Every structure is written in C-alpha cells, then in structure tokens.
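User: Please take a close look at the metal site of this model and at what lies around it in the chain.

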Amino acid sequence: MTHGERLAYPKFIIRELEKRYKNKNINLHFIYDIACVLFTHIHKTGEVIPQGISMAVPAFHVYGHKLQCQIMYSTRRLPGFGLTDGEGMERL
Ligand SMILES: [Zn+2]
C-alpha cells in the first residue's frame, strides 16, 4: 500500500470471500474497525452486502464510535459473533 486505509480494500476482500464461498452455505463474520462506515458506503453506492456475510466493529473499537454504531455493529450485540472481540490483530 502506498497510501492510507481505503474502503476499496475491505470491499475487495468481501467480494473475494463471496466468490470463494458463494454456494457453500457458510456464514462469514467480517470484523473491521470501520465496518459501520463501510456498510454505509456500500449502501450509498447501490451495492449490497452479499448474503451470508455480516459485519461488525471490534468490541473495544466500537466504544470510540457513536452510540448508534455501538448498538448496530458491536460484536457483543450481533448474532453469530459469540464472545470474540475482533481485536486479535491489536494484540500482536
Ligand atoms: Zn461507527
């Protein structure tokens, strides 16, 4: 990468995951620091989140977001994320 974080990268990853797991009946849980921004961006551009992919903001990062994000995107509130906090990369 020659520049900062861009939404094109997670969008690319989501599209690749969709291609690889399309007909495999798998639910993918995508945890990203600004999943709320990505979600809004994808909807604004008229695209849709592929079925079977759900997005969340890491459990500790989400406290830096607005209350609405905390309610809608916290791994603690979304089904299927279990007790993961999504902060594994931060521990490295
Ligand atoms: Zn947010």
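Analyst: The zinc site comes first, followed by a surface patch and an aromatic pair.

This is a predicted model, in which local features need pLDDT of at least 70, side-chain atom pairs count only at pLDDT 80 or more, and totals for chains, interfaces and linings use all residues. Residues are numbered from 1 along each chain as its sequence is written, and side-chain values use heavy atoms, with hydrogens and water left out.

The zinc ion has C36 (SG), H65 (ND1) and C69 (SG) as its protein donors, at 2.0 to 2.3 Å. Donors are N, O and S atoms within 2.8 Å of the metal (3.2 Å for Na, K and Ca); water is not among the atoms, so sites may look incomplete. Along the chain the donors of the zinc ion have the spacing C-x28-H-x3-C. Distant parts of the chain are linked by the pair C36 and H65, 29 residues apart: C36 is in helix α2 (residues 35-44), and H65 is in the loop between β2 (53-56) and α3. Helices (H or I, at least four residues) and strands (E, at least two) are DSSP runs, numbered from the N terminus. C36 and H65 are both buried, meaning under 20% relative accessible area, where exposed is over 50% and partly exposed is in between (1.4 Å probe, protein chains only).

Helix α3 (residues 67-73) contains M72. The relative accessible area of M72 is 39%, which means that M72 is partly exposed.

As for aromatic residues, F30 and Y32 form a tilted pair, 6.3 Å centre to centre with 55° between the planes. Rings of Phe, Tyr and Trp (its six-membered ring) pair if their centres lie within 6.5 Å; planes under 30 degrees apart count as stacked, over 60 as edge-to-face and the rest as tilted. Both F30 and Y32 are buried.
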